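Work through the exercises below with the model open in a viewer. Each task is followed by a solution in steps.

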Amino acid sequence: MQYIEHHPENDPQYKGLTVNEGVSAPPIVNPYLQKRKQRRFLTPAEYVEQIRKGNITVLSQAVTLTESQKAEHQQIAQEVIEKCLPFSGQSVRIGITGVPGAGKSTSIDAFGMHLIHDRKKKLAVLAIDPSSERSKGSILGDKTRMEEISREANAFIRPSPAAGSLGGVARKTRETIILCEAAGFDTVFVETVGVGQSETAVHSMVDFFLLIQLSGAGDELQGIKRGVMEMADGIIVNKADGSNVEKANLAAAQYRNALHLFPLPPSGWAPKVMTYSGYYKIGIHEIWDMIDEYIQFTKANGYFDERRTAQAKYWMYESINEQLRNHFYQSPEIKEALAVKEQQVLNSEISPFTAAKQILDIYFHK
């Protein structure tokens, strides 16, 4: 046994007391670690080529570029989207919304398996995930709740954080739809966070808007916003299984009565109300027959193309609004003026309206 010389405890006068040599500290950096090569970004043409071949990895990278805030990433992303545009527009886009706990993810899992196996479709699921108002973080756990389709080769699941900027995320989701369609996905689901203005944003980018409801949750119409029901092209009552079948049928009857109070939508389609069970996969086939009937109906009367044209126009103006807002708040001159005017408003020296006008005058150099 080797003793450490400089330790006084090893002196012969201290019988029976020894200090052994310690283990040398391991290096902080793993000596076997190889330096990771920095990933090379593809050119826009290479991105498009791989996306057209159905390369899911490159598709995911392109979506990440689209969601990035960096100017250089946005430049590449916009070029990729422009090049993918001629190959888009061939899918059926379906928005899915409902209150939290209504079973949206479970239903999407069931719908997806039906589409992939029974109808031989390729499915892309784009989910707008709620973000924490405090931490700004998101769980992005949709894949864990879609156990079956997440293992399917013909399914692509992509959650995006709402991150307090719903309009921006919704615009990027619309751009992601273009990329997915160019990759050969013929059915696209867009799932909302289920609260707030997300329904309006998603409704403005889909062909069919599906509202999922629950039965046995108190007054069936109490928690329903008139606006959401007016947007819905179809309402389905989930968890119609076991002892809950009667309640689900009663809820469906109440929704049908409520829909009679609304005028007929511009599409000319009278929204239908159906019951089903996402967990037990009961009634899935019938729901899809309804959606097919709607698509055929709107294509026949011209509303399908009319709606897509109106959506393209809507997102052009939304993009202009977003760019103007970003340019305004990123201006150094405006940032400085905002700090001053904000303090004056807090000190009750000027009104909020006067402060806003003065800041806008600075922006427009009046």
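The exercises go from the whole chain to helices, cores and single residues.

This is a predicted model, in which local features need pLDDT of at least 70 and side-chain atom pairs count only at pLDDT 80 or more, while totals for chains, interfaces and linings use all residues. Residues are numbered from 1 along each chain as its sequence is written, and side-chain values use heavy atoms, with hydrogens and water left out.

**Exercise 1. Overall description**

Task: State the secondary structure content, the buried share and the exposed area of the protein.

Solution:
- Step 1. Count DSSP runs from the N terminus, taking helices as H or I with at least four residues and strands as E with at least two; the protein has 13 helices and seven strands.
- Step 2. Apply the burial classes: buried is under 20% relative accessible area, exposed is over 50%, and partly exposed lies in between (1.4 Å probe, protein chains only). Of the 366 residues, 42% are buried.
- Step 3. Compute the area by the Shrake-Rupley method with a 1.4 Å probe. About 21,200 Å² is exposed, and carbon and sulfur atoms supply 54% of it.

**Exercise 2. Helices H4 and H2**

Task: Compare the span of each helix with its expected value, and find which residues of H2 are buried.

Solution:
- Step 1. The expected span is 1.5 Å times one less than the number of residues. H4 (residues 104–118) has 15 residues and reaches 20 Å between its end C-alpha atoms, close to the expected 21 Å.
- Step 2. H2 (residues 56–67) has 12 residues, and its 16 Å reach is close to the expected 16 Å.
- Step 3. In H2, the buried residues are Val58, Leu59, Ala62, Val63, Leu65 and Thr66. They are on the same side of H2 because they cover an arc of only 155 degrees around the axis, the arc being taken over directions from the helix axis to the C-beta atoms.
- Step 4. H4 is mostly covered, with 12 of its 15 residues buried.

**Exercise 3. Nonpolar cores**

Task: Identify the residues that touch the most other members of the largest nonpolar core.

Solution:
- Step 1. Join buried Ala, Val, Leu, Ile, Met, Phe, Trp, Tyr and Cys residues through side-chain atoms within 4.5 Å. The largest core has 51 residues, and Ile51 and Leu179 touch the most other members.
- Step 2. List contacts, meaning heavy atoms within 4.5 Å. Beyond four places in sequence, Leu179 touches residues including Ile51, Leu59, Ala62, Val63 and Thr66.
- Step 3. A second, separate core of 33 residues includes Met146, Ile212, Met274 and Ile284.

**Exercise 4. Two serines**

Task: Is Ser277 buried or exposed, and which side chain does the side chain of Ser277 meet in a polar contact?

Solution:
- Step 1. Ser277 is in the loop between strand E7 (272–275) and helix H10 (284–301), and with a relative accessible area of 0% Ser277 is buried.
- Step 2. A polar contact is a pair of N or O atoms within 3.5 Å; within protein, one must be able to donate a hydrogen and the other to accept it, and residues adjacent in sequence count only if both atoms are side-chain atoms. The partner is the side chain of Asp241, at 2.7 Å.
- Step 3. Ser107, in helix H4, is also buried, because its relative accessibility is 0%. Outside four places in sequence, Ser107 contacts Ile212, Asn238, Tyr276 and Gly278.

**Exercise 5. Positive phi**

Task: Where does Lys120 lie, and what is its phi?

Solution:
- Step 1. Lys120 lies in the loop between H4 and strand E2 (123–129).
- Step 2. Its phi is near 55 degrees, a positive value in a residue other than glycine.
- Step 3. Lys120 is exposed, with a relative accessible area of 66%.
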